[in-house]
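Let's take a walk through a protein fold together. Have the sequence and the 3D view ready, and follow along at your own pace.

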Amino acid sequence: MTGLIERWRDWLPVSDATPVVSLQEGSTPLIQAPGLEKEIGGNRRVFLKYDGANPTASFKDRGMTLAMSKAMEEGCRGVICASTGNTSASAAAYAARAGVPCYVVLPAGNVATGKLAQAIAHGAVVVPIDGNFDDALRMVREAVAAKGLTLVNSVNPYRIEGQKTVALEIIEELGAPPDAHFLPVGNAGNITAAWRGYCEWAQKCDQDNGSRRPQMFGFQAAGAAPIVHGHAVEKPETIATAIRIGNPASWTGATNALAESNGAIAAVTDDEILAAYRHLAAREGVFCEPASAASAAGLLQQARNGTLAVKEGATIVCTLTGHGLKDPDTAVAGVAIPDPIPVDLDTLLARMEAE
């Protein structure tokens, strides 16, 4: 298996001089979701692009392999990022692979346990701050200037370039672009990148079909929905920590994608996110982190409100950005572990019937 850069080399800004730093990312599953299809009706097909199957269990690896490879080509001495979790885990892993130091600045108490553990395990220098993600990003920008480090947040253009490959994989698997693509929106790099991938494919490969591209639908958590409301949110709040961002770095890219695709952005509540999170695990067999479920939550919200703008018979893709074990605390919260039973078959059968 090859990594993302080798697989999509002709679509990416690399040359023979680029030292490829890869963990064989990309090529993630596109899984049909019959439970969601039943919920929304209309003979629509729904697929889950499960980027939690990447090496560090999130979509961030798509951009990080390219950002790290280009950083090394340019003589990188170390990398730094602000993070709500997934970027830190990915940056730390790829920095370890490249053999350079990694510094992570994150909002104290607002990063899921699984992601923090990954960054530490990969050897990153982790610096929590008494502030939010936007404060952290402002600080790392200043540190870049002071220390000559490479910034690997999604403001790094190579991150978006790498992440656009998600669209190319979806098209390859389906044989054509979907009619609609639903995504969670936090820092807004993912929806920006996916739209770029679709547009580049249309320009390069779709000369006979009218440059077909999907409608893009983004969903923010209700307590962290700056693009929905049209202004920054000073203190964003949501259980979906990966999208707890009050001033997205790729705001303009996201709004352009929505406008150009005739799409839309909306807010979903934490309750809607958790309901979709449980649906995906229990009915589709796909375990994602809560922020990932915002895409499915948005699809279900539109279907239940009668506002689903996707025609009957359409093909829909929902991006799931990270694996469920990224946030183990949410997974076990409120779950009562049953008391043990004696080593006795009749007791076992009785317990099974009770359940």
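Let's begin with a word we'll need: a residue is buried if its relative accessible area is under 20%, exposed if that is over 50%, and partly exposed in between, using a 1.4 Å probe and protein chains only. Helices (H or I, at least four residues) and strands (E, at least two) are DSSP runs, numbered from the N terminus. What you're looking at is a predicted model, where local features need pLDDT of at least 70 and side-chain atom pairs count only at pLDDT 80 or more, while totals for chains, interfaces and linings use all residues. Residues are numbered from 1 along each chain as its sequence is written, and side-chain values use heavy atoms, with hydrogens and water left out.

So, where to start? Try strand E7, residues 180-184: five of its five residues are buried, so the strand is largely enclosed by the rest of the structure. Ala 180, Phe 182 and Pro 184 point one way from E7, while His 181 and Leu 183 point the other way. There's a general pattern here: in a regular strand, side chains alternate between the two faces of the sheet.

Which sheet does E7 belong to? Six strands make an open sheet in the order E1-E2-E10-E7-E8-E9, with mixed pairing. Strand E1 (30-32) and strand E9 (264-268) are at the edges with a single partner strand each, so each has one side without a neighbour in the sheet. From one strand to the next, the twist averages 25°. Two strands count as paired if DSSP finds at least two bridges between them. In general, such pairing goes through backbone hydrogen bonds, either parallel or antiparallel.

Now look at who sits beside E7. With strand E8 (residues 215-221) it pairs in the parallel sense over five bridges, and Pro 184 stands opposite Phe 219 in E8. Strand E10 (residues 315-320) also runs parallel to E7, joined to it by three bridges; there, Phe 182 has Cys 318 as its bridge partner. Moving outward, E8 and E9 pair in the parallel sense over five bridges, and Phe 217 is partnered with Ala 264 in E9.

Helices pack on this sheet too. For these, contact means heavy atoms within 4.5 Å, and axes are lines fitted to C-alpha atoms (for helices, over the stretch in contact), with angles from 0 to 180 degrees between N-to-C directions. Helix H11 (residues 251-260) lies across E8 and E9, running at about 135° to E8. Helix H12 (residues 270-283) touches strand E2 (45-50), E8, E9 and E10, and its direction makes about 95° with that of E9.

There's another sheet to find. Four strands form an open sheet in the order E5-E4-E3-E6, and the pairing is parallel. Its edge strands are E5 (125-129) and E6 (150-151), each pairing on one side only. Strand E3 (residues 79-82) and strand E4 (residues 102-107) are joined by four bridges, and Cys 81 has Val 104 as its bridge partner in E4. Helix H6 (residues 133-147) lies across E3, E4, E5 and E6, at about 160° to E3.

Between E5 and H6 there's a loop, and Asp 130 has its place there. Is it buried or exposed? At 85% relative accessibility, Asp 130 counts as exposed. Asp 130 and Ala 108 are 22 residues apart in sequence, but 5.9 Å apart in space, C-alpha to C-alpha.

Finally, let's see how some helices meet. Angles under 35 degrees count as roughly parallel, over 145 as roughly antiparallel, 65 to 115 as roughly perpendicular, and the rest as oblique. Helix H4 (residues 86-98) and helix H5 (residues 113-121) pack at about 20°, with their axes 8 Å apart, so H4 and H5 are roughly parallel to each other. In their contact, Asn 86, Ser 88, Ala 89 and Ala 92 of H4 meet Lys 115, Gln 118 and Ala 119 of H5.

Helix H3 (residues 60-73) packs against H4 at an angle of about 40°, with their axes 9 Å apart, and H3 and H4 are therefore oblique to each other. Further along, the axes of helix H8 (residues 165-174) and helix H9 (residues 189-205) come within 6 Å and cross at roughly 55°, which makes H8 oblique to H9.
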